[in-house]
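Reader: Before I plan anything at the bench, I would like to go through this structure with you step by step. Could you show it to me and then take my questions in turn?

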Amino acid sequence: MTQRHQIAVLGGGSFGTAIANIMADNNHEVCLWLRNQQRADEINRDHINSAYLPDYPLNPALRASTDLVESVTGCDIVFMAVPSSSSREVAAEVSQHINNNVIVVSTTKGIEHDGFKLMSEVLAEEMPQARIGVLSGPNLAKEIAAKQITATVVASKDEDLNEIVQALLHCGNFRVYASSDVLGVELGGALKNVYAIIAGMAAALGIGQNTISMLMTRSLAEMSRFAVQKGADPMTFLGLSGVGDLIATCSSPLSRNYRVGYELGHGKNLDEIVTELGQVAEGVNTLKLLKQQAEELGIYMPLVNGLYDIIYTPKSINDVVGTLMFAEQSRDVEFAVK
């Protein structure tokens, strides 16, 4: 018989709710922590999260709570699904109430503002007693909730952790692959958010498929170029957390970052868009950090520079595409298998 785990999922947004529901369906004891008491009551009473997944009923066994300490006490596995801006604060609090060797898995596709730290690094600093992994991939939450076939990647140097997470989430419509390249998997998830904004803008402006294909392909080259200089394996970007996640977020209105770009393409103000969205679009935060880091490391990233100019100076996406036409490096594929 498969071991039954006691699990806390921290963050009651769309993705946190979706994976919590999968694990409840798999007969694990799951508590979903969120800050809004009315939403927690709704999940417990009506088995629905109307704010984020209004059309998808939840397993009645899934429990919601606004008490962080109660949610994590006694758990052997914790999933972190809170925005990057609050990950350290939540992790520091959780660290005081979990046992040694608890598995903590980050699902947050973002970067901490101070020091360009990835979520796995933040968790390792705040939870030295925990076993850390990350989860990333083309995982649009509404499709997961609708039980459409989806795959993701869990990454850790701890092979046993990978196997446990694979078993936790495995079901007929959700498959988990494993990787040891934590840096590559995490950077893929964080960086593609920036390029999804560009893709959304392109769609809003009616740019042709040839151009969109070029933008996506050069996005992949650009993000992998950055990640490899940071120490990631370039082959990781051929997988689900690289090209897979890039395709999903650059081609779907379900992607928050794509929707930000789409509204920007229609001339809306960034602050207005973020307010209307009601959820964090990590790509907006990542853009500034990525531009600064690329400049410090001397990494050639014309799309990042172009998007920054579009949002913060009066440049158009046509100007950015024009920059690609005249300034991009001539080599198509930069990394070859020897």
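Author: One definition is needed beforehand: a residue counts as buried under 20% relative accessible area, as exposed over 50%, and as partly exposed in between. Please also keep in mind that this is a predicted model.

Reader: Is H47 buried, exposed or partly exposed?

Author: H47 is found in the loop between α2 (37-46) and β3, and its phi is near 55°, a positive value in a residue other than glycine. Its relative accessibility is 23%, which lies between the cut-offs of 20% and 50%, so H47 counts as partly exposed.

Reader: And is N101 buried or exposed?

Author: N101 is found in the loop between α4 (84-95) and β5, and although N101 is not a glycine, it has a positive phi of about 70°. Because exposed means over 50%, and N101 has a relative accessibility of 53%, this residue counts as exposed.

Reader: Turning to the whole chain, what is the radius of gyration of the protein chain?

Author: The protein chain holds 15 helices and 10 strands. For 338 residues the globule rule gives 20 Å, and the value for this chain is close to that, so the chain is as compact as a globular protein of that length, with a radius of gyration of 20 Å.

Reader: What percentage of the residues of the protein chain count as buried?

Author: The C-alpha trace spans about 60 × 45 × 35 Å along its principal axes, and the accessible surface comes to about 14,800 Å², of which 49% belongs to carbon and sulfur atoms. Among contacts between residues at least 6 apart in sequence, 72% join residues at least 24 apart. Of the 338 residues, the share that count as buried is 54%.

Reader: Which strands are the edge strands of the sheet?

Author: The sheet is open and is formed by 8 strands with mixed pairing, in the order β3-β2-β1-β4-β5-β8-β9-β10. An edge strand pairs on one side only, and this holds for β3 (63-65) and β10 (174-179).

Reader: What is the average twist from one strand of this sheet to the next?

Author: The twist is taken along the open sheet of 8 strands, going from one strand to the next, and its average is 25°.

Reader: About what angle does the direction of helix α7 make with that of β10?

Author: Helix α7 (residues 159-169) packs on the sheet, where it touches β1 (6-10), β4, β5, β8 (131-136), β9 (150-155) and β10. A second helix, α10 (residues 240-251), lies across β8, β9 and β10 and runs at about 145° to β9. For α7 and β10, the angle between the two directions is about 175°.

Reader: Which residue in β2 is the bridge partner of V9?

Author: Strand β1 is mostly covered, since 4 of its 5 residues are buried. With strand β2 (residues 29-33), β1 pairs in the parallel sense over 5 bridges. In that strand β2, the bridge partner of V9 is L32.

Reader: Which residue in β5 does M80 stand opposite?

Author: Strand β4 (residues 77-80) pairs with strand β5 (residues 103-106) in the parallel sense over 4 bridges. The residue of β5 in question is buried, because its relative accessible area is 3%, and its contacts beyond four places in sequence are M80, M119, L123, G133, V134, L135 and E186. Opposite M80, in β5, stands S106.

Reader: Which residues does I19 contact, leaving aside its neighbours within four places in sequence?

Author: I19 lies in helix α1 (residues 14-25) and is buried, because its relative accessible area is 0%. The C-alpha atoms of I19 and F79 are separated by 9.2 Å, although these residues are 60 residues apart along the chain. Leaving aside those sequence neighbours, the residues in contact with I19 are V9, F79, T107 and L169.

Reader: How many disulfides does the count come to?

Author: C31 is buried, because its relative accessible area is 3%, and the cysteine sulfur nearest to that of C31, belonging to C75, is 7.1 Å away. A disulfide needs two cysteine sulfur atoms within 2.5 Å, and C31 is in no disulfide. For this model, the count of disulfides comes to 0.

Notes. Residues numbered from 1 in each chain as written. Predicted model: local features only at pLDDT ≥ 70, side-chain atom pairs only at ≥ 80, totals over all residues. Heavy atoms only, no water. Pairing = 2+ DSSP bridges. Axes fitted to C-alpha atoms, helices over the stretch in contact; angles between N-to-C directions. Contact = heavy atoms within 4.5 Å. Buried < 20%, exposed > 50% of the residue type's maximum accessible area, 1.4 Å probe, protein only. Rg over C-alpha atoms; globule rule 2.2 N^0.38 Å. Areas by Shrake-Rupley, 256 points an atom, 1.4 Å probe, with all protein chains shown as cover.
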